[in-house]
Amino acid sequence: MSRIRSLLVEQPIIMVLIGLVMIFAIFADGFASATNITNVLRQTSMLGIVAVGMGIVILTGGIDLSVGSIVALSTVLVAGLANTYPPIVGINLALVAGVVIGFGNGVLITRLGLQPIIVTLSTMAMVRGLAMWLSESRPIFGTLPKELFMLFDGRFLGIPIPVLIFLVVAVCAMFFLANTRAGRAIYQVGGNEEAASLAGVPVSPTKILAYTLCGFLASIAGIILTARMQSGDGVRTGMGWELDAIAAVAVGGISLAGGRGQLLGATCGVVIIGILANAFNLMGINPYWQRIVIGLVLAAAVVAYSERLRGWLLTRRLSGPGAAVSAPDT
């Protein structure tokens, strides 16, 4: 019990998730059904994989706005090449593309000293343009095999395959951050890059690794999304995913300044975003409000986890009417 209590104290987002489930189970008809919960988890799993990569990058003090475009390019490559080559060719090419794009982002940021938001914003536009050019701005309905569709519709031990992949990715990433030298270096670089460099931490390789992993995970999400859509689309696919991933990471308690937070909170943040979207649909609320709510949630998370706010609350507590007054030194 003490371990569970400490976990809830460290990750209050878990209580928020439980509270939302209870509220929507009452006010949204059909929300609590096993079929609907399974669908929510299946549909949010792809964004969850992207958010894991985004969380790793943000822990280094960076950001990656190109993840949505990588997702789109992956769907185009898998669906487009399936008309001519075996599906494994498109899948492997999509994975390589994600790795190369992420690696390129990391190299530009570290070797040229460019700002992450500028580099990844440029990459976002270029990769999206490439996806649109390859698809001629039209959906691609390739001759995809039924085995590929199992990536979204299949189950293993009763667990949907996308959910299982998301869980495996999240657990492996958590283990990597907590139990490997490279994972601990990510926290050190994000916490204080100069101090990490003086301590002998390889700052540039660590950042490059983070962006490479982010691109790789975005391409995995794109492959699963291809199985879901049974097609590829370079225009609309992945639009806004970068905002959703950043919101999930921030809501989960990972500091946007880097160096603090855990991926467990980010995974809960992804599920919360999925629950909000699903509940809004069940309650007949305009879909545009989903984007507004996500923006508000992101702003609230940034404020809630800010050091200035915590310092102000601590000061108010210490200076309150019941605060103890220490005796002066003699």
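**Briefing: largest pocket and helix packing**

In this predicted model, the residues that line the largest pocket divide by class into 8 nonpolar, 6 polar and 3 charged. That pocket has a volume of about 530 Å³, and its lining consists of 17 residues. The points below cover the pocket, the annotated segments and one helix pair.

**Largest pocket**
- Among the lining residues of the largest pocket, Trp-241, Asp-244, Ala-277, Gln-290 and Arg-291 are the ones that lie nearest its centre.
- Four helices, namely α3 (34–59), α12 (241–251), α13 (263–282) and α14 (288–304), each contribute at least two residues to the lining of the largest pocket, and α13 provides the largest share of that lining, with 5 residues.

**Annotated transmembrane regions**
- An unreviewed UniProt entry lists residues 12–34, 88–110, 117–135, 155–178, 208–227, 239–256, 263–282 and 288–306 under "transmembrane region".
- Over residues 117–135 the model is 100% helix and 0% strand, with the end C-alpha atoms 27 Å apart, while residues 208–227 are likewise 100% helix and 0% strand, with the end C-alpha atoms 29 Å apart.

**Packing of α5 with α6**
- Helix α5 (residues 87–111) packs with helix α6 (residues 116–135) at an angle of about 145 degrees, their axes being 9 Å apart, and the crossing of α5 past α6 is right-handed.
- On the α5 side the contact is formed by Ile-101, Asn-105, Leu-108 and Ile-109, and on the α6 side by Pro-116, Val-119, Thr-120, Thr-123 and Val-127.
- Sorted by class, the contact of α5 with α6 has 6 nonpolar and 3 polar residues, and no charged residues.

Terms used:
Residues numbered from 1 in each chain as written. Predicted model: local features only at pLDDT ≥ 70, side-chain atom pairs only at ≥ 80, totals over all residues. Heavy atoms only, no water. 1 Å grid on protein atoms, 1.4 Å probe; cavity = no way out; pocket = protein on both sides within 12 Å on 5 of 7 lines; lining within 4 Å. Points joined across faces, edges and corners; volume = space filled by probe spheres on them. Nonpolar A, V, L, I, M, F, W, Y, C, P; charged D, E, K, R; others polar. UniProt positions renumbered as here; feature names shortened; annotations may be inferred. Axes fitted to C-alpha atoms, helices over the stretch in contact; angles between N-to-C directions. Left-handed = near helix turned anticlockwise from the far one by under 90°. Contact = heavy atoms within 4.5 Å.
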